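Thanks for coming, everyone. I would like to walk you through one chain this morning, so please have the sequence and the picture open while I talk.

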Amino acid sequence: MEKFALLEGLVAPLDRANVDTDAIIPKQFLKSIKRSGFGPNLFDEWRYLDHGEPGMDNSVRPLNPDFVLNQAAYQGAAILLTRKNFGCGSSREHAPWALEQFGFRVVIAPSFADIFFNNCFKNGVLPIVLSEEKVDELFKRTQAQPGFCLTVDLENQVVKNVEHDIAWTFEVDAFRKYCLTHGLDDIGLTLVHAEKIRAFEKNHIEKFPWLSTKL
C-alpha cells in the first residue's frame with residue numbers, strides 16, 4: 001500500500017448524499033477475481049451513457065458530459081468532496097479499490113458508512129469527516145473556482161488552503177494514521193513481523209517435526 005503523508009490535490013465535487021457502494025462500483029464488476037482494473041468503472045452508471053460490463057473497452061464508450069468527473073476542470077482530481085453517508089449499502093471492498101485506482105487518495109464528507117470507512121483505511125484512501133457547514137463551504141469554493149485545491153496534512157491532521165484562509169483539523173484514529181503513513185495494510189502489518197514468524201515456525205518444527213509437510 002502506498003504511504004500517505006502530505007497530499008496537495010485538485011478537489012472534485014460530487015454533490016450527492018447517500019451514495020451507495022453499488023453506485024461507486026456496480027455489482028457486475030465484482031465478478032473479477034483480481035484486485036486491479038476497477039478505476040475505469042468507478043461510478044460507471046453515472047460516467048457513461050451505456051450499460052457497462054466487465055471486459056468492455058471503456059475508451060470507446062460514450063461519456064455523460066454532465067457528470068462531474070467527465071468535466072475538464074476536474075481531470076486529475078485526487079480529492080473527492082461529497083455529502084453525508086457516503087459509501088452506504090453493501091460491504092464490498094471493491095469500492096475503495098475503484099476510488100484509489102481512479103486516482104482519489106482522499107474523500108471528504110460529513111459522514112461515512114462504517115464498513116466503507118474502515119475499508120478505506122485498509123486500502124490507502126483517507127476518509128475525512130468535516131462538519132456539514134465546512135463541507136458546504138468547500139462546495140461553494142470548488143464550484144466558484146475551478147481548479148480549487150486542498151492540502152491534506154495527515155501528520156498534523158489538517159486540511160488547508162492558505163489562499164482561502166482554510167486550516168481545519170480533522171480526527172483520525174492513531175493506529176489507522178500509523179498504518180497510512182507507513183503504507184501498511186493488513187498483510188503489511190503481518191509482514192513487519194516476518195522474521196519473528198519464520199523463527200517461530202523453525203523452532204516449532206524442530207520441536208514437533210511430525211508436523212512438517214515436507215516429504
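Let me begin with the sheet, which in this predicted model is an open one of seven strands, running in the order S4-S3-S2-S1-S5-S6-S7 and with mixed pairing. At the edges you will find strand S4, residues 126–129, and strand S7, residues 166–169, each of which pairs on one side only. If we ignore direction, neighbouring strands of this sheet are turned against each other by 25° on average.

Helix H5, residues 132–144, packs on this sheet, where it touches strand S1 (6–13), strand S2 (79–81), strand S3 (106–109), S5 and S7. The direction of H5 makes about 150° with that of S7.

Now let us follow the strands towards the S7 edge. Strand S5, residues 149–153, and strand S6, residues 158–161, pair in the antiparallel sense over three bridges, and within that stretch Asp 153 stands opposite Val 158 in S6. S6 and S7 also pair in the antiparallel sense, over four bridges, and here Lys 160 has Ala 167 in S7 as its bridge partner. S6 and S7 form a hairpin, with four residues between the two strands, and in the turn Asp 165 has a positive phi of about 60°.

Which side chains of S7 are buried, and which are not? The side chains alternate along this strand, with Ile 166 and Trp 168 pointing to one face and being buried, whereas Ala 167 and Thr 169 point to the other and are not buried.

I turn next to a pair of helices. In general, two packed helices are described by the angle between their axes and the distance between the axes. Helix H3, residues 94–102, and helix H4, residues 114–122, pack at an angle of about 50°, and their axes are 8 Å apart. H3 and H4 are therefore oblique to each other, and their crossing is right-handed. On the H3 side the contact is made by Ala 95, Pro 96 and Leu 99, and on the H4 side by Phe 116, Asn 119 and Cys 120. Sorted by class, this contact of H3 with H4 has five nonpolar residues, one polar residue and no charged ones.

Staying with H3, its buried residues include His 94, Ala 95, Pro 96, Trp 97, Ala 98 and Leu 99. What do the buried residues of H3 pack against? Their partners are helix H1 (21–24), S2, S3 and H4. Just after H3 comes Gly 103, which takes a positive phi of about 130°.

Let me also point out one residue in a loop. Pro 62 lies between helix H2 (44–47) and S2, and because its relative accessibility is 38%, it counts as partly exposed. Setting aside its neighbours within four places in sequence, Pro 62 is in contact with Arg 47, Tyr 48, Leu 49 and Asp 50. Pro 127 is 65 residues away from Pro 62 along the chain, and the C-alpha atoms of the two are separated by 30 Å.

Finally, the chain as a whole. It has eight helices and seven strands, and its C-alpha trace spans about 70 × 40 × 25 Å along the principal axes. Of the 215 residues in the chain, 45% are buried. Among the contacts between residues at least 6 apart in sequence, 64% join residues at least 24 apart.

Technical notes:
Residues numbered from 1 in each chain as written. Predicted model: local features only at pLDDT ≥ 70, side-chain atom pairs only at ≥ 80, totals over all residues. Heavy atoms only, no water. Pairing = 2+ DSSP bridges. Axes fitted to C-alpha atoms, helices over the stretch in contact; angles between N-to-C directions. Contact = heavy atoms within 4.5 Å. Parallel < 35°, antiparallel > 145°, perpendicular 65-115°, else oblique. Left-handed = near helix turned anticlockwise from the far one by under 90°. Nonpolar A, V, L, I, M, F, W, Y, C, P; charged D, E, K, R; others polar. Buried < 20%, exposed > 50% of the residue type's maximum accessible area, 1.4 Å probe, protein only.
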